[in-house]
Amino acid sequence: MLRLLEIEYLKLRYSRSAKILVLTYFILITFIALIASIEFNLGEINFRVADQGIFNFPYIWHFNSYIAALLKLFLAIVIVSMMSNEYSNRTLKQNLIDGLSKKEFIASKFLTVTVFSLISTLFLFIVSMILGLSFSDFNEAAIIFSDMEYMIAYFVKLTGFFAFCMFLGILIKRSAFALGFLFIWWILESIVYGVLKWKVFRDSEIADNIARFFPLESMSNLIKEPFSRLSAVQTAATQLGSEFEKDYGIHWDQLLIVILWTAIFVFLSYSLLKKRDL
Amino acid sequence: METILSLKDLTKKYGALTAVDNLSFAIKKGNVYGILGPNGSGKSTTLGMVLNVVNKTSGEFAWFSGNMDTHEALKKVGAIIEHPNFYPYMTAAQNLALVCKIKDVPKDKIDEKLEIVGLLDRKDSKFRTFSLGMKQRLAIASALLNDPKILILDEPTNGLDPQGIHQIREIIRKIAAGGTTILLASHLLDEVEKVCSHVVIIRNGKKLYSGPVDAINASHGFFELQAKNMQLLQELLIAHPGIDKVSEKESIVTAILKEPMDAETINEYLFEKGLSLSYLVKRKESLEEQFLQLTNQTPTA
């Protein structure tokens, strides 16, 4: 296993574009901290975002995992191109001739995907911890380490998304087209959902229940938007007379769906590669 | 002698097209083999199948003793197919280090192998800055990293300038002299003739000949003859037991021999039958003529 990771590491280490993208990704995650410094001075009202409770434990786990997940596209580019470049440089063929099996090839790529997700999760954990310890109103260990399931969900979400990218890279063999296809897939999911929701199953929950099994939808469902959960927003809403009844939690069945998709994408990548003549 | 690779009825079909048709042959240790065939005859597909990149349709192949996974066996093989394929953004040495990792061999042979192909001074240049000849030589160095039991080269001189071709052939000769088994696929006859001891000739995916290169050279040659009465000449030649085939082209009769025969013998024979020749030459076919003859005839003919 270590050998497979080393192989992938050697391939990525010398690629300048991969290095720049990975670096950009991690720098952008740290930029979440910059939100803290956003201040509005509207005459009498002095509004500082950091004071609105977004960095309070345990809410920060939710908020940061949601924001950081938006940046995953940067790593997605690296992953799609690390798959499709093997085709365009014909190095996949040479790797196999040199004695790597097709199974090992997929394993090395998926291991890399998992390691990327793991590092990103750890990194996010550290950034959130530092931000939380600096700005949170509560600093008791029990509160700090509650809601850790957001970190697990973040890891599963990233792994699932990157496994999808890996599969697209192998399927389409060209990085630009694979990314384009990812975008088209996203639109397709929305269209199918829209048709189900507004035409087929009007005024019922069935459309939502089907859509939550779509790959991208299931990933985005893992961590729901955190903004309406903010106490400031909640208070405002209550004053305006509307109540939020929303479940922000992480659900094991949602995790299971994403894990299942991950397995499907890895399996499809392997069977596709096995079937192809290079 | 130890068998390194054996093929049995190996077949590859692309839809209706049969690229490789029931091909069988064996590679023994210590020889230099050539797979000879025109472009599109199935050489690369055959190599692709035994190298794990093309899926076979039917048949069998076995590496070494045959009780090893193909990808494990390939770690003991050195092979280059068509283009040299490396990571363009990595240097020669970095690319070779990666190959070492894949083949599970230590990295200490990189410099030694770069020296063999004359690229040691360019080891820290990026692969994309290399000329085609240098890329091909780097590919050979890479194939040698594990001191392979067999070196497989597919059209190694394709697209190179004469100097590049010469360099590659010198390298191959050097490696062959060291006792490494080599399998060389080529559509160039003189390449196979110059480098190989054994040859497998294929056309349209079918095997036409396999055996030592000398043996195809050792045909008995042919006569070119001319006489006033061409009709009688042909009849007499066909009647002679030592003559295999007779054909006429541009008023010259060609008679291919079944057994060794002197020009004098045929001259005496014809004279006794009352025919005097105006022209008689005995020729030995070049490998090229035989190759063309082999590849142009249908296997059933």
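**Exercise 1. Determine how β1(B) and β4(B) pair, and over how many bridges.**

Solution. In this predicted model, β1(B) and β4(B) run antiparallel to each other and are joined over five bridges; strands are DSSP runs of E with at least two residues, helices are runs of H or I with at least four, and both are numbered from the N terminus. Two strands count as paired if DSSP finds at least two bridges between them. Within this pairing, B:Leu5 stands opposite B:Trp63 in β4(B).

The next step is to place the pair in its sheet, which is open, has three strands in the order β2-β1-β4 (chain B), and is paired in the antiparallel sense. Because β2 (17–28) and β4 (58–63) of chain B each have a single partner strand, they stand at the edges, and one side of each is left without a neighbour in the sheet. From one strand to the next the twist averages 15°, and helix α1 (residues 43–50) of chain B packs on the sheet, touching β1, β2 and β4 of chain B, with a direction at about 115° to that of β1(B). Such angles run from 0 to 180 degrees between N-to-C directions, the axes being lines fitted to C-alpha atoms, for helices over the stretch in contact.

The conventions behind these names are that residues are numbered from 1 along each chain as its sequence is written, while chains are lettered from A and ligands numbered from 1 in the order in which they are written. As the model is predicted, local features need pLDDT of at least 70 and side-chain atom pairs count only at pLDDT 80 or more, whereas totals for chains, interfaces and linings use all residues.

**Exercise 2. Decide whether B:Leu10 is buried or exposed.**

Solution. B:Leu10 is found in strand β1 (residues 3–14) of chain B. A residue is buried if 20 or more other C-beta atoms, placed from the backbone, lie within 10 Å of its own, exposed if 12 or fewer do, and partly exposed in between. B:Leu10 has 24 C-beta neighbours inside 10 Å and therefore counts as buried.

Leaving aside neighbours within four places in sequence, the contacts of B:Leu10 (C-beta atoms within 7 Å) include B:Val20, B:Met49 and B:Phe61. The C-alpha atoms of B:Leu10 and B:Phe61 are separated by 7.0 Å, although the two residues are 51 residues apart along the chain.

**Exercise 3. Find which residues have the most contacts inside the largest nonpolar core.**

Solution. A nonpolar core is a set of buried Ala, Val, Leu, Ile, Met, Phe, Trp, Tyr and Cys residues joined through C-beta atoms within 7 Å. The largest has 128 residues, and A:Ile79, A:Phe162 and A:Met166 have the most contacts inside it. Helix α8 (residues 149–172) of chain A gives the most to this core, with 14 residues.

Terms used. Contact = placed C-beta atoms within 7 Å.
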